[in-house]
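Take a look at the model below. The report that follows walks through its strands, its sheets and its pocket.

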Amino acid sequence: MELKNNTVFDCSVIDISKIHNDAGNITVVENGDNIPFEVKRIYYLYDIPGGEARGGHAHYELEQFVIAASGSFDVILDDGNNRKRVTLNRPNLALHIVPGLWRELDNFSSGSISLVLASHKYDEKDYIRDYNEYLEFKK
């Protein structure tokens, strides 16, 4: 699939499983097993002030798994024609975001942590940071 043609409907919430015992739960993400790309970078967002948003960009090639490691937040996906809001609030669920989509994160609960697993190392050339440029790219 050509990434220009990716839509919000190509993204999905994936249950990455939860192993439970009386001592607590564990969720495991392993390259080549329950994630559709090789993880090259991991980062997390935290201490986000009330009312703030993060993201506001698209990627040409990068794929992401976004997980609410703690608390909750919303991810707004936009393909230039459709918008989709996904609420993440369980640490065993991951939103798989395909390349070529605009994304924003907002509505962070107090103490929330957004864990992001990325398919590529940071590369500024992979970002589209202006929404009008993004709409031109999608044409």
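## Two sheets and a pocket

Strand 1 pairs with strand 9 (residues 93-97) in the antiparallel sense, over four bridges. Within this pairing, Ile14 has Ala94 of strand 9 as its bridge partner. Keep in mind that this is a predicted model.

**The sheet with strand 1**

Strands 1 and 9 belong to an open sheet of five strands. The order is 1-9-6-11-4, and the pairing is antiparallel. Strand 1 (12-15) and strand 4 stand at the edges. Each has a single partner strand, so one side of each has no neighbour in the sheet. On average, neighbouring strands here are turned by 25 degrees against each other, direction ignored.

Now move to strand 6. Strand 6 pairs with strand 9 over four bridges, in the antiparallel sense. Strand 6 is also joined to strand 11 by six bridges, and these two strands run antiparallel as well. Ile67 shows both links. Ile67 stands opposite Ala94 in strand 9, and its bridge partner in strand 11 is Leu115. How much of strand 6 is buried? Five of its seven residues are, so the strand counts as mostly covered, given that buried means under 20% relative accessible area.

**The sheet with strand 10**

A further open sheet has five strands in the order 8-7-10-5-12, with antiparallel pairing. Its edge strands are strand 8 (83-88) and strand 12 (127-128), each of which pairs on one side only. Strand 10 is mostly covered, with four of its five residues buried.

The table lists three antiparallel pairings in this sheet, each with one residue pair.

| Strands | Bridges | Residue pair |
|---|---|---|
| Strand 5 and strand 10 | three bridges | Gly55 opposite Glu104 |
| Strand 7 and strand 10 | five bridges | Asp74 and Asp106 |
| Strand 7 and strand 8 | six bridges | Asp78 and Arg83 |

**A closer look at Asp78**

Asp78 lies in strand 7 (residues 73-78). Is Asp78 buried or exposed? Its relative accessible area is 2%. The cut-off for buried is under 20%, so Asp78 is buried. Which residues does Asp78 touch, leaving aside those up to four places away in sequence? They are Val8, Arg83, Leu101, Trp102, Tyr131 and Tyr134. One of these contacts, Arg83, is also the bridge partner of Asp78 in strand 8.

**The largest pocket**

The largest pocket has a volume of about 250 Å³. It is lined by 16 residues, and those closest to its centre are Tyr43, Leu45, Arg54, Gly55 and His57. Gly55 has come up already, as the residue opposite Glu104 in strand 10.

Which strands supply at least two residues of the lining? They are strand 4 (41-46), strand 5 (54-59), strand 6 (64-70), strand 10 (102-106) and strand 11 (113-118). Strands 4, 6 and 11 are part of the sheet ordered 1-9-6-11-4. Strands 5 and 10 are part of the sheet ordered 8-7-10-5-12. Strand 5 gives the most to the lining, with four residues.

What classes of residue make up the lining? Seven are nonpolar, five are polar and four are charged.

Methods. Residues are numbered from 1 along each chain as its sequence is written. This is a predicted model: local features need pLDDT of at least 70, side-chain atom pairs count only at pLDDT 80 or more; totals for chains, interfaces and linings use all residues. Side-chain values use heavy atoms; hydrogens and water are left out. On a 1 Å grid over the protein atoms alone, a cavity is a set of points where a 1.4 Å probe fits but cannot get out, and a pocket is an open set with protein on both sides within 12 Å along at least five of seven lines; lining residues have an atom within 4 Å of a point. Grid points are joined across faces, edges and corners, and a volume is the space filled by probe spheres set on the points. Ala, Val, Leu, Ile, Met, Phe, Trp, Tyr, Cys and Pro count as nonpolar, Asp, Glu, Lys and Arg as charged, and the others, Gly among them, as polar. Two strands pair if DSSP finds at least two bridges between them. Axes are lines fitted to C-alpha atoms, for helices over the stretch in contact, and angles run from 0 to 180 degrees between N-to-C directions. Buried means under 20% relative accessible area, exposed over 50%, partly exposed in between (1.4 Å probe, protein chains only). Contact means heavy atoms within 4.5 Å.
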